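Here are my notes on this entry, set out point by point. Please read them with the structure open.

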Amino acid sequence: MGIVGRVWLVFAGMSGGVAVAAGAYATHALAAPGQEHAQELARMAGQYQLWHALALIAVAVLAGRSDGAAGLLVRLGGWLFVAGTLLFCGTLYAQALGNPAPFAMSAPMGGSALILGWVCLGASALLPGWARRY
């Protein structure tokens, strides 16, 4: 596995840990009456973050086993997952904590990045060079 795959695994591990911590924080620290919306935002962000941490592990493995256009799409999907997680989940966490979004439209941009990451990952399987080294 190359350096990029290892970076994705590090990010996936850290992201998974943050997602679990966010779920615990939402359950305990945001459980007071009147905090329902903040609790839902933190839970949603944690769920999306955890799913995309798992997806990033798959990307790290597939990127090392795919080449050509398929490998390029797998790698692009991985970077879109990273960007989407930071933008989408980060914005939801900030809102749950009562802070404004870092910049306008960051959550929709992050959500779009996550969607495009899945499209890239799926499209990569249709191209020659996908997971040749199994």
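Which element of the protein has the lowest mean pLDDT, and which the highest?

1. **Confidence.** This is a predicted model. Helix α1, residues 3–28, has the lowest mean pLDDT among the elements, at 92. Helix α4, residues 106–124, has the highest, at 95. Across the protein the average pLDDT is 91. A score of at least 70 is reached by 96% of the residues.

2. **Architecture.** The protein has 4 helices and 0 strands. Read from the N terminus, the order of elements is α-α-α-α. The C-alpha trace spans about 55 × 25 × 20 Å along its principal axes. Of the 134 residues in the protein, 40% are buried.

3. **Gly 13 in the α1 helix.** Gly 13 sits in helix α1. Gly 13 counts as partly exposed, because its relative accessibility is 49% and the exposed class begins over 50%. From Gly 13 to His 28 the chain runs 15 residues. The C-alpha atoms of these two residues are separated by 23 Å.

4. **Nonpolar surface patch.** Which residues make the nonpolar surface patch? They are Met 1, Leu 9, Val 20, Leu 50, Trp 51, Leu 54, Ile 57 and Val 61. The patch covers about 760 Å². Two elements, α1 and α2 (36–63), give two or more residues to the nonpolar patch. The largest share comes from α2, with 5 residues.

5. **One patch member in detail.** Leu 54 is one of the residues that make the patch. Leu 54 lies in helix α2. Is Leu 54 partly exposed or buried? Leu 54 is partly exposed, because its relative accessibility is 48%. That value also passes the requirement of over 30% for patch residues.

6. **Aromatic pairs.** The count of aromatic pairs comes to 3. One of them joins Tyr 48 and Phe 88. Their ring centres are 5.0 Å apart, with 55° between the planes. The pair is classed as tilted, because 55° falls between the limits of 30 and 60 degrees.

7. **What the pair connects.** Tyr 48 belongs to helix α2 and Phe 88 to helix α3 (residues 68–96), so the contact ties together parts 40 residues apart in sequence. The two partners fall into separate accessibility classes. Tyr 48 is partly exposed, with a relative accessible area of 38%. Phe 88 is buried, because its relative accessibility is 13%, under the limit of 20%.

8. **Cysteines.** How many disulfides does the structure hold? The structure holds 0 disulfides. Cys 89 is in no disulfide, and its nearest cysteine sulfur, that of Cys 120, is 18 Å away. Cys 120 is likewise in no disulfide, with the sulfur of Cys 89 as its nearest, 18 Å away. A disulfide would need the sulfur atoms within 2.5 Å, so the 18 Å separation rules this pair out.

9. **Cysteine burial.** Are these cysteines buried or exposed? Cys 89 counts as buried, because its relative accessibility is 1%. Cys 120 is buried too, at 10% relative accessibility. Both values are under the limit of 20%.

How values were computed:
Residues are numbered from 1 along each chain as its sequence is written. This is a predicted model: local features need pLDDT of at least 70, side-chain atom pairs count only at pLDDT 80 or more; totals for chains, interfaces and linings use all residues. Side-chain values use heavy atoms; hydrogens and water are left out. pLDDT is the predictor's confidence in each residue, from 0 to 100. Patches are made of residues with over 30% relative accessible area and no salt bridge: like charges are joined within 9 Å, nonpolar side chains (Val, Leu, Ile, Met, Phe, Trp, Tyr) within 5 Å. Accessible areas come from the Shrake-Rupley method with a 1.4 Å probe; for residues, only the protein chains shown count as cover. A salt bridge is a side-chain nitrogen of Lys or Arg within 4 Å of a carboxyl oxygen of Asp or Glu. Buried means under 20% relative accessible area, exposed over 50%, partly exposed in between (1.4 Å probe, protein chains only). Rings of Phe, Tyr and Trp (its six-membered ring) pair if their centres lie within 6.5 Å; planes under 30 degrees apart count as stacked, over 60 as edge-to-face and the rest as tilted.
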